[in-house]
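The report that follows takes up two local regions of the entry, one after the other. Please keep the sequence and the coordinates at hand while reading.

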Amino acid sequence: MTGAELREAFLRYFGGVGHTRVRSSSLVPGDDPTLLFTNAGMVQFKGVFLGEDPREYRRATTCQKCVRAGGKHNDLENVGRTARHHTFFEMLGNFSFGDYFKDDAVAYAWAFLTRDLGIDRSRLMATVFTDDDEAFGLWKRVAGLGDDRILRLGEKDNFWAMGDTGPCGPCSEIHFHQGDHLPCAEVAAGRACLGPACECDRWLEIWNLVFMQWSRDASGAMTPLPRPSIDTGMGLERIAAVMQGKESNFDTDLLRPLIDRVAALAGKPYGRHPEDDVSMRVIADHARATTFLTTDGVTPSNEWRGYVLRRIMRRAMLHGRFLGLTEPFLHRSVEWVSAVMGEAYPEIVRERARVQETVRGEEERFAETLDSGERRIGEYHDAQGAGRGRAMDGAFLFTLYDTYGFPRDLAEDALRDLGWEKTEETDAAWNVAMEGQRDRARAGASFGGDGDAAAAGLYQRLSAELPRVEFVGYDSLASPARILAMVAGPRRVPEAAEGAEVEVILDRTPAYAESGGQVGDTGTLAGREGRGEILDTYYRGGKLIVHRVRVTAGGLREGDDVAVAVASPRRQGLAQHHTGTHLLHAALRRVLGTHVMQAGSLVAPDHLRFDFSHGASVRDREVEQIEELVNEQVQANVAVHRLEMNLDEALRTGAMALFGEKYGDRVRVIKIGDFSTELCGGTHLDQTGQLGFFKVDTEGAVASGVRRIEAVAGTAALEAVVRRERVLREAAEILKIVPADVPQRLRKLLDEQKTLEKELATLQGRLAASRADDLLAGARQVNGIAVVAGRVGGREGKGLRAVADRLRDRLGSGVVCVGSAVDGKVNLVAAVTKDLTKRVHAGKLIQEVAKAAGGTGGGRPDLAQAGAKDATRLDDALQLAYDVVARAG
Ligand SMILES: [Zn+2]
Ligand SMILES: [Zn+2]
């Protein structure tokens with residue numbers, strides 16, 4: 001059974017027993033700014049379990065993409081060294097929100113494993129929480145397990161809690177017997193294997209059932225939940241290993257193809273050298289985490305989620321180096337991952353180009369880091385004198401790592417090659433340096449040393465502490481509110497005086513925070529003691545709406561009641577351009593084709609910018625059609641409906657969803673007649689007629705396969721047309737004609753110019769001929785050869801050659817050397833008739849002449865040209881032509 005078949009079998013089984021299939025949520029938890037990444041199936045249902053987020057279903061099943069990296073769940077360094085540690089994995093789960101409880105949960109799990117998957121019952125065991133007799137009884141009755149096949153385990157293994165307070169309850173695990181041929185430390189020590197409780201691999205935990213039945217308060221007291229719930233999780237990689245008879249998850253069809261690609265690229269077989277194998281497994285695992293995290297909008301950086309992604313990516317790159325892959329390779333692995341998982345997760349296929357570009361960029365940055373680190377190691381070694389037998393300085397290693405991002409193990413390798421040794425002193429010095437850095441970081445956080453990072457931390461905390469800010473701006477532009485907190489720099493401040501600029505968090509606001517391409521609202525804020533101007537509105541720390549406010553009078557204090565008003569003409573402009581963006585998007589898909597996908601968008605009060613995927617350029621005629629379609633919708637004055645529905649329903653009705661956006665279960669849909677349906681959280685017009693008029697301003701390419709349209713709506717569109725008309729009118733005035741005649745007149749003028757240029761060329765030719773006559777009259781016989789040398793007034797290289805050609809023709813047999821000076825620049829041409837090229841080489845002649853005027857040149861034996869700088873020496877230089885001919889054989 002393949003991994004893909006297993007995934008489908010699980011979802012189908014639970015779908016068949018009344019569970020709603022819910023899509024995997026993003027790896028970036030939408031509602032939880034304190035959680036690094038989505039790390040379990042229940043994350044997207046947290047609010048549902050707490051009763052804060054009602055859904056239309058009470059049973060759900062998912063295959064959730066998860067990442068665990070760092071922290072208590074997973075030590076990054078273990079990944080690749082064991083059969084089962086992963087950064088990225090998929091979690092199969094079934095959930096009951098106050099619907100069924102323990103008996104059904106046990107029955108479903110048992111039926112799926114033994115009936116649908118056909119796993120041998122004799123290889124399964126269950127564990128229950130110490131005193132959970134109910135679960136113990138169920139495993140006996142429902143599954144028919146004997147007392148000796150049900151193990152009671154303590155709180156560490158079999159008790160689950162959402163947090164320090166809140167829902168919690170006992171767990172029950174199902175374990176699979178892999179076989180007693182596997183090594184066990186207990187057996188090696190002369191004792192018996194502890195079975196499912198043992199650390200060894202003989203028994204493998206495959207499924208964890210959580211029975212949420214109590215709520216714990218701050219004092220630790222537990223009260224029964226009115227409606228107990230179920231949360232289960234089964235790692236897809238593990239169950240795939242079981243079904244495919246593999247002892248390592250890395251040998252399943254979910255991961256092995258990736259390892260094979262790495263092996264092929266490195267030109268080394270998998271399974272020959274243990275250290276190479278570790279590197280290949282690391283890359284296979286990290287390629288999945290890199291692909292999925294980047295797809296979900298995380299970018300490598302030095303902060304928070306971006307930092308973890310960077311560590312994962314760099315660890316993969318490092319292991320690539322260990323395998324001898326010195327060229328960037330990780331971006332290629334995005335394709336390998338798409339090949340294995342693209343069908344189940346179409347987003348990674350759709351986003352592939354962007355993801356590859358991001359990964360490639362990080363690979364290049366890392367290569368630079370390594371180069372500069374290696375240079376520093378070289379300098380250090382030289383400065384210290386030879387290192388033979390000396391201990392590496394841990395403080396130096398830490399500086400390399402902390403300041404330059406150079407990995408410690410690579411630095412140690414490099415120093416070892418130079419004769420240095422790693423000792424206990426090295427480790428001790430490293431630890432001292434690291435402690436010092438931690439202290440500095442802590443100090444920075446409380447005293448504003450490192451502004452951005454500290455502020456980010458503060459917003460994470462505020463976001464978790466404060467109640468969710470209520471956004472009322474869809475229906476009103478003004479609202480009373482209370483100041484919950486104010487932040488200046490990286491610190492929370494209780495008050496702000498006149499002239500100060502602070503970030504203000506309110507309990508409720510009509511101001512739209514920048515998102516989905518729409519820029520943030522501006523406006524005013526007025527309290528009893530003071531007033532402020534809202535300069536911008538945006539999100540910080542995930543979901544926290546923040547207003548940047550300049551205090552214009554009096555002072556503002558935490559706890560103040562204020563009246564908030566959004567600048568309404570500006571908001572109207574934003575609505576016009578946002579509704580315009582949706583109309584444009586729909587029109588593009590109608591005119592250019594449904595392959596058009598939004599690649600980026602900006603909605604401003606006075607213009608919009610829309611980037612989209614399209615392989616060819618957009619023709620003028622197509623731009624006109626797009627404008628026509630949009631303006632048709634505007635004139636039809638169609639109602640703009642804002643609907644709320646669940647995500648699957650919205651996608652079924654064909655709503656366009658943007659990739660990389662996080663959508664909750666309930667989504668907002670903007671529907672404009674039958675013309676456009678899009679998931680969107682932005683502010684819109686009520687009727688398309690309010691848009692007034694739509695005009696495309698510019699169209700062009702921004703990247704390969706990506707086009708950009710800038711357009712304007714409403715007053716801004718009228719202004720754009722007026723501006724263009726003004727240009728046209730000015731042109732007509734200059735030409736002294738009516739605007740409609742401008743193109744025709746310009747065409748005529750250009751034709752006339754062409755004719756004039758031709759006449760000019762003829763006249764110049766005639767002039768050259770008459771000058772040639774003059775020069776010819778001054779021809780001298782030197783060494784039996786007719787020589788013409790002299791200056792021609794003001795001509796560039798090409799005209800000069802025409803003169804030389806003509807003179808040579810007229811001479812019949814002879815040597816010509818002419819020069820001109822234009823704007824201080826000297827041009828020279830020499831021509832020799834064919835009968836004389838054996839005696840006089842034009843190229844050599846010109847070389848000598850040019851040199852005398854401070855230049856260089858050369859050419860064929862019969863024709864050569866040169867340039868020189870010194871116009872004052874031109875006449876003397878031309879005289880040299882006679883000397884050269886005089887010396888000829
Ligand atoms: Zn054991
Ligand atoms: Zn929108």
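## A hairpin within the sheet

Strands β29 and β30 pair in the antiparallel sense, and eight bridges join them; like everything else in this report, that description rests on a predicted model. Within this pairing C817 is placed opposite A830 of β30. The two strands form a hairpin with two residues between them, and in this hairpin D823 adopts a positive phi near 50 degrees.

Strand β29, which covers residues 815–822, is largely enclosed by the rest of the structure, because seven of its eight residues are buried, where buried stands for a relative accessible area under 20%.

## The sheet around the hairpin

The hairpin strands belong to an open sheet of six strands with mixed pairing, whose order is β27-β28-β29-β30-β32-β31. The edges are taken by β27 (780–782) and β31 (855–859), and since each has a single partner strand, one side of each is left without a neighbour in the sheet. On average, and with direction ignored, neighbouring strands of this sheet are turned by 20 degrees against each other.

The mixed character of the sheet can be followed from strand to strand. Between β28 and β29 the pairing is parallel, with five bridges, and V787 stands opposite V815 of β29. Strand β30 (residues 825–832), by contrast, runs antiparallel to β32 (residues 863–868), to which six bridges join it; here V829 has Q865 in β32 as its bridge partner.

Helix α25 (residues 874–887) lies across β27, β28 (785–791), β29 and β30, and its direction makes an angle of about 170 degrees with that of β28.

## The zinc site

Which residues are the protein donors of the zinc ion (ligand 1)? They are C184, C193, C198 and C200, each through its SG atom, and they lie 2.2 to 2.4 Å from the ion. Along the sequence these donor residues follow the spacing C-x8-C-x4-C-x1-C.

The arrangement around the zinc ion (ligand 1) is tetrahedral, because the four donor atoms subtend angles of 104 to 115 degrees, and the criterion for four donors is that all angles lie between 85 and 135 degrees. For comparison, the ideal angle for four tetrahedral donors is 109.5 degrees.

Accessibility has been assigned to two of these cysteines as follows. C200 counts as buried, at 12% relative accessibility, whereas C193, with a relative accessible area of 25%, is partly exposed.

Terms used. Residues are numbered from 1 along each chain as its sequence is written. Chains are lettered from A and ligands numbered from 1 in the order in which they are written. This is a predicted model: local features need pLDDT of at least 70, side-chain atom pairs count only at pLDDT 80 or more; totals for chains, interfaces and linings use all residues. Side-chain values use heavy atoms; hydrogens and water are left out. Donors are N, O and S atoms within 2.8 Å of the metal (3.2 Å for Na, K and Ca); water is not among the atoms, so sites may look incomplete. Four donors count as tetrahedral if all angles lie between 85 and 135 degrees; four count as square planar and six as octahedral if opposite donors are over 155 degrees apart and all others between 65 and 115; anything else is irregular. Buried means under 20% relative accessible area, exposed over 50%, partly exposed in between (1.4 Å probe, protein chains only). Two strands pair if DSSP finds at least two bridges between them. Helices (H or I, at least four residues) and strands (E, at least two) are DSSP runs, numbered from the N terminus. Axes are lines fitted to C-alpha atoms, for helices over the stretch in contact, and angles run from 0 to 180 degrees between N-to-C directions. Contact means heavy atoms within 4.5 Å.
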